[in-house]
Amino acid sequence: MEMRARICDLTGKRPNRQARVVTFSHKRIKKVQHVNLQKKKFYSEELGRNVKLRISTKGIKTVTKYNGIDAAAKKFGVDLSKF
């Protein structure tokens, strides 16, 4: 089993490690804001098969905007044959 970082396969979004929680007493505590990743299958017209991606919800909206995974991957420079 391969451990992978919590990074969106399409957009490259990463966790925000700069975030802080401010308590009532005004203590500042560091926290990590993770990306909302989902496992999703898309049908690639170019490859003629399904590709399974770990993609953020923003990435899913981007695929919808570009009318398919092929156009979105081309815009972000992602090689779908790896997935």
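What follows is a walk through this predicted model, from its overall layout down to a handful of individual residues. Local features are taken where pLDDT is at least 70 and side-chain atom pairs where pLDDT is 80 or more, while totals for chains, interfaces and linings use all residues. Residues are numbered from 1 along each chain as its sequence is written, and side-chain values use heavy atoms, with hydrogens and water left out.

Let's start with the layout. The protein has 2 helices and 4 strands (DSSP runs numbered from the N terminus, with H or I of at least four residues for helices and E of at least two for strands). Follow the chain and you read β-β-β-β-α-α. The radius of gyration is 16 Å, well over the 12 Å that the globule rule gives for 83 residues, so the protein is more spread out than a compact globule. (That radius is taken over C-alpha atoms, and the rule is 2.2 Å times the number of residues to the power 0.38.) Along the principal axes, the C-alpha atoms fill a box of roughly 55 × 35 × 20 Å. Of the 83 residues, 27% count as buried, where buried means under 20% relative accessible area, exposed means over 50% and partly exposed lies in between, using a 1.4 Å probe and protein chains only. As for contacts (heavy atoms within 4.5 Å), take those with a separation of 6 or more: residues 24 or more positions apart account for 39% of them.

Now for the hairpin. Strand β3 (residues 37-44) and strand β4 (residues 49-56) run antiparallel, joined by 8 bridges; for two strands to count as paired, DSSP has to find at least two bridges between them. There are 4 residues between β3 and β4, and G48 in the turn has a positive phi of about 75°. At one place along the pairing, S44 stands opposite R49 in β4. At another, K40 stands opposite L53 in β4, and the C-alpha atoms of K40 and L53 are separated by 5.5 Å although the two are 13 residues apart along the chain.

L53 is worth a pause. This β4 residue counts as buried, at 2% relative accessibility. Leave out residues up to four places away in sequence, and L53 touches D9, Q38, K39, K40, F42, I69 and F83.

That brings us to the core. A nonpolar core here is a set of buried Ala, Val, Leu, Ile, Met, Phe, Trp, Tyr and Cys residues joined through side-chain atoms within 4.5 Å. The largest one has 13 residues, and L10, F42, I55, V63 and I69 touch the most other members. The elements giving two or more residues to this core are β3, β4 and α2 (69-76). Take I69 from that group: setting aside neighbours within four places in sequence, I69 is in contact with F42, Y43, S44, L53, V63 and L80.

What about the rings? The structure holds 0 aromatic pairs, a pair being rings of Phe, Tyr or Trp (its six-membered ring) with centres within 6.5 Å. Planes under 30 degrees apart would count as stacked, over 60 as edge-to-face and the rest as tilted. Lysines do sit over rings, though: the charged end of K40 is over the ring of F42, 5.4 Å from its centre, and the charged end of K75 is over the ring of F76, 4.9 Å from its centre. To qualify, NZ of Lys or CZ of Arg must be within 6 Å of the ring centre and within 35 degrees of the ring normal.

Last, a few residues in the loops and on helix α1. H26, in the loop between β1 (20-22) and β2, has phi near 70°, a positive value in a residue other than glycine. H34 belongs to the loop between β2 (28-30) and β3 and is partly exposed, with a relative accessible area of 43%. Not counting neighbours within four places in sequence, H34 is in contact with R6 and P15. The C-alpha atoms of H34 and R14 are separated by 7.4 Å, with their positions 20 residues apart along the chain. N67 lies in the loop between α1 (57-65) and α2; N67 is not a glycine, yet its phi is positive at about 60°. N67 is also exposed, with a relative accessible area of 72%. K65, in helix α1, counts as exposed as well, at 62% relative accessibility.
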